[in-house]
Amino acid sequence: MRIRSHLFSFSACLVALVAVPLSVSGETGSQNARVGNGVDASRALVFADRQRQLFEQIGKSACYARAGVDESAHFVELRKASARFSVVLSAQVNGSTELALHAEPDPDIRARLAALAKVWHPHGEAIQFYLAAPAVEEYALALNAFFSDSTRMANDLGDLSRAIVSAGGEVGIIDPVLSNAINIAGRQRMLLQRMSKQICFVGTWIEPDLNKALLKGAAALFESTKAELYRTLENLEISASLRVEFARRTQRSNAIWLEFRKRIENIIAADTYSPDNLAYVARNDDALLAALEAERALLVRLAIHEKPAPR
């Protein structure tokens, strides 16, 4: 009873998410409409990208925590990421003064958010029960349903992010080339968390063959999206100093990625799995994540302050 009482407020938040209204007709006021400027549209894109990253972070930290790898740190990460994911999901639908995020006005996007909230509800609740009592085998095993659903939910989040990018571009709020660049940069961070999660799945024998294949695909997509990002920037008129700064940031992320990729190739090729790889990834993906965030932050700065034109 103590655990259930402790989780009551979180469960109530999840139930409220499932019941979000789909109609936006008749809504007025600054919190219920997307303001036609780059700041508001960029924030919507940023939060959509961060949700994709948070979702993969939830799966990664849940796997590592259950495997006993840096358990305390991953419990903290799991608690923060899962709570943040629920808060932002609610804010995307209803708006939030605290997050400076307007309610989503597009009916199609709101419908996607409502469907996502409905799927997330039981998994979010299961994660909170596990966090409250990780030694209870029933709660630890309940995470398997979330792990099995993670690929489908990740795809849904990707579709949602692309819909938000499309909506922002269609109304001319953000230059489509730049909005695409921001989306690609966010995808890089999400893919890193996904690869870390899949490495943990392989190392803990959660559908290892499937997750080796998914890991190989995610690594290839990571590299192809990096190349796509560079091509996209070539189509924008930005200052030489900003190009130099972006090149400096990408040079750092590329250097870290090369070592990370070696680990991935070893994992995919090996018949047996080395626990050293699991520990390495758990302790070193933060450096690559920070380098990727530095790239994305520069693009958001461009969208908000510089507003470059296409070539």
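Is Asp156 buried, exposed or partly exposed? Its relative accessible area is 32%. Buried means under 20% and exposed means over 50%. Asp156 therefore falls in between, and it counts as partly exposed. Keep that way of reasoning in mind, as it returns below.

First, the whole chain. This is a predicted model. The protein has 10 helices and zero strands. Reading along the sequence gives the pattern α-α-α-α-α-α-α-α-α-α. There are 311 residues, and 51% of them count as buried. The accessible surface comes to about 14000 Å². Carbon and sulfur atoms account for 54% of that surface.

Next, how does the chain meet itself? Take the contacts between residues at least 6 apart in sequence. Of these, 81% join residues at least 24 apart. Two pairs of residues show what separation in sequence and distance in space can look like.

Asp156 belongs to the first pair. This residue lies in helix α6, which covers residues 137-170. Its partner here is Leu113, 43 residues away in sequence. In space, the two C-alpha atoms are 9.4 Å apart. The second pair is Arg79 and Leu131, which are 52 residues apart in sequence. Their C-alpha atoms are 7.1 Å apart. Arg79 is found in helix α4. At 41% relative accessibility, Arg79 counts as partly exposed, because 41% lies between the cut-offs of 20% and 50%.

Now look at the helices around that second pair. Helix α4 spans residues 71-94, and helix α5 spans residues 107-132. They pack at an angle of about 155 degrees, and their axes are 10 Å apart. Angles over 145 degrees count as roughly antiparallel, so α4 is roughly antiparallel to α5. The crossing of these two helices is left-handed.

Which residues of α4 and α5 make the contact? From α4 come Phe75, Leu78, Arg79, Ser82, Phe85, Ser86, Leu89, Gln92 and Val93. From α5 come Arg110, Leu113, Leu116, Ala117, Trp120, Ile127, Gln128, Tyr130 and Leu131. Some names are familiar: Arg79, Leu113 and Leu131 are among them. Sorted by class, this contact has 12 nonpolar, four polar and two charged residues.

Move on along the chain to another helix pair. Helix α7 covers residues 176-203, and helix α8 covers residues 208-233. Their packing angle is about 155 degrees, with the axes 9 Å apart. That angle makes α7 roughly antiparallel to α8, because it is over 145 degrees. The crossing of α7 and α8 is left-handed. Their contact has 17 nonpolar, six polar and five charged residues.

Finally, turn to the loop between α7 and α8. Two of its residues deserve a look: Trp205 and Glu207. What is the phi of Trp205, which is not a glycine? It is positive, at about 60 degrees. Glu207 also is not a glycine, and its phi is positive, at about 45 degrees.

How accessible is Trp205? Its relative accessible area is 61%. That is over 50%, so Trp205 is exposed. Glu207 has 46% relative accessibility. This value lies between 20% and 50%, so Glu207 counts as partly exposed.

Note on methods:
Residues are numbered from 1 along each chain as its sequence is written. This is a predicted model: local features need pLDDT of at least 70, side-chain atom pairs count only at pLDDT 80 or more; totals for chains, interfaces and linings use all residues. Side-chain values use heavy atoms; hydrogens and water are left out. Helices (H or I, at least four residues) and strands (E, at least two) are DSSP runs, numbered from the N terminus. Buried means under 20% relative accessible area, exposed over 50%, partly exposed in between (1.4 Å probe, protein chains only). Contact means heavy atoms within 4.5 Å. Accessible areas come from the Shrake-Rupley method with a 1.4 Å probe; for residues, only the protein chains shown count as cover. Axes are lines fitted to C-alpha atoms, for helices over the stretch in contact, and angles run from 0 to 180 degrees between N-to-C directions. Angles under 35 degrees count as roughly parallel, over 145 as roughly antiparallel, 65 to 115 as roughly perpendicular and the rest as oblique. A crossing is left-handed if the near helix is turned anticlockwise from the far one by less than a right angle, and right-handed if clockwise. Ala, Val, Leu, Ile, Met, Phe, Trp, Tyr, Cys and Pro count as nonpolar, Asp, Glu, Lys and Arg as charged, and the others, Gly among them, as polar.
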